[in-house]
There are 2 protein chains.
Amino acid sequence: MKNNNLYKGSLTTIILKLLNENDKMYGYQITQKVKEITNGELNITEGALYPSLHKLEAEGLLDVEFTKVQNRMRKYYKLTELGTQETVNKLAELEDYIRTMRALVNPKFRTL
Amino acid sequence: MKNNNLYKGSLTTIILKLLNENDKMYGYQITQKVKEITNGELNITEGALYPSLHKLEAEGLLDVEFTKVQNRMRKYYKLTELGTQETVNKLAELEDYIRTMRALVNPKFRTL
DNA sequence: CAAATATATATAATTTTCTTATGCATAGAA
DNA sequence: TTCTATGCATAAGAAAATTATATATATTTG
């Protein structure tokens, strides 16, 4: 996503947080929502998203609910209680990460 | 490092920034400096560090200088001009990342 | 003095995560 | 009718890290 290595490892955090806000979402909706919120800056690819959703489900962080809308399948995901707990952890980790990286990077920058 | 997936992809940024501040450093020194700045929170492993340094050197972002201190070898790394340019890019990418992640995560958090 | 720890670099095997490509299928717009 | 959007899925490969191992000297500790 976005040719910026820093996003590596962030997908789980993004998914969990969006599901915490939106109660239930399906995969394609997640990609669109991320595109919308980031003004097109961040595009989640299906090749990353779907395996990630399957993994979170297997870990018991997400529950699935199938629906059919206009003859097309939709798989809605929602947080389990465990998933909500993990969301708290992931958001704390993000704040930790930002604080630590700022400490490493802040001091003063020299171009020459 | 630190059992926090978010650090994945940040190592290059950390190395470049430290070298921008400290002019020249050797591998072990980098691990210790990171430990110091982050109060032991972040530990860079050799298995990640050395291959990363070799890659940055191969890409022409770092220059190497061998020294022998008390009979032990040291490999000092310093930024090339290209490396300094890339440092600017990486720091901009970090700010971008933080801004985007905040946008995705900020709204409001619900525990229930 | 011997053993453990710190200093210093390196690589190999494996795992995790993502990219890229492909595949299938329906709906709607051009 | 063809292209784009919607919707899910997986497989091959790349990239970055973890974990383990290897080597070697210096220093500290018991």
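Here is a short chat about a predicted model with two protein chains and two DNA strands.

Visitor: How many helices and strands does chain A have?
Guide: Let's walk along the sequence, where chain A follows the pattern α-β-α-α-β-β-α. Sorting that pattern by type, the secondary structure of chain A comes to 4 helices and 3 strands.

Visitor: What share of the residues in chain A is buried?
Guide: To count as buried, a residue needs 20 or more other C-beta atoms within 10 Å of its own. Chain A has 112 residues, and the part that passes this test is 31%.

Visitor: Which residues have the most contacts inside the largest nonpolar core?
Guide: In soluble globular proteins, nonpolar side chains tend to be buried together. Here the largest nonpolar core has 48 residues. One of its best-connected members, A:I15, touches A:I30, A:S52, A:L53 and A:L56, leaving aside residues up to four places away in sequence. The full set with the most contacts inside the core is A:I15, A:L19, B:I15 and B:L19.

Visitor: Which helix gives the most to the side of chain A that touches chain B?
Guide: Between the chains, 33 residues of chain A are in contact with 33 residues of chain B. On chain A's side, the elements giving two or more residues are helix 1 (11-22), helix 2 and helix 4 (81-105). With 13 residues, the top contributor is helix 4 of chain A.

Visitor: And which class is that side of chain A richest in: nonpolar, polar or charged?
Guide: Sort the residues on the side of chain A that touches chain B, and you get 9 polar and 7 charged ones. The remaining class has 17 residues, and that class is nonpolar.

Visitor: Which helix gives the most to the surface near DNA strand D?
Guide: Strand D is surrounded by 27 residues, and the closest are A:Y26, A:G27, B:L11, B:G47 and B:N71. Both chains take part: helix 2 (27-37), helix 3 (46-58) and strand 3 (72-79) of chain A, along with helix 3 (46-58) of chain B, each supply at least two residues. The one that gives the most, with 5 residues, is helix 3 of chain A.

Visitor: Where does the largest share of the surface near DNA strand C come from?
Guide: Around strand C there are 27 residues, with A:G47, A:N71, B:Y26, B:G27 and B:Y28 the closest. By class, they divide into 9 nonpolar, 11 polar and 7 charged. The largest share is 5 residues, and it comes from helix 3 of chain B.

Technical notes. Residues are numbered from 1 along each chain as its sequence is written. Chains are lettered from A and ligands numbered from 1 in the order in which they are written. This is a predicted model: local features need pLDDT of at least 70, side-chain atom pairs count only at pLDDT 80 or more; totals for chains, interfaces and linings use all residues. A residue is near a molecule or strand if its C-beta atom, placed from the backbone, lies within 6 Å of it. Two residues are in contact if their C-beta atoms, placed from the backbone, lie within 7 Å. Ala, Val, Leu, Ile, Met, Phe, Trp, Tyr, Cys and Pro count as nonpolar, Asp, Glu, Lys and Arg as charged, and the others, Gly among them, as polar. A nonpolar core is a set of buried Ala, Val, Leu, Ile, Met, Phe, Trp, Tyr and Cys residues joined through C-beta atoms within 7 Å. A residue is buried if 20 or more other C-beta atoms lie within 10 Å of its own, exposed if 12 or fewer, and partly exposed in between; C-beta atoms are placed from the backbone.
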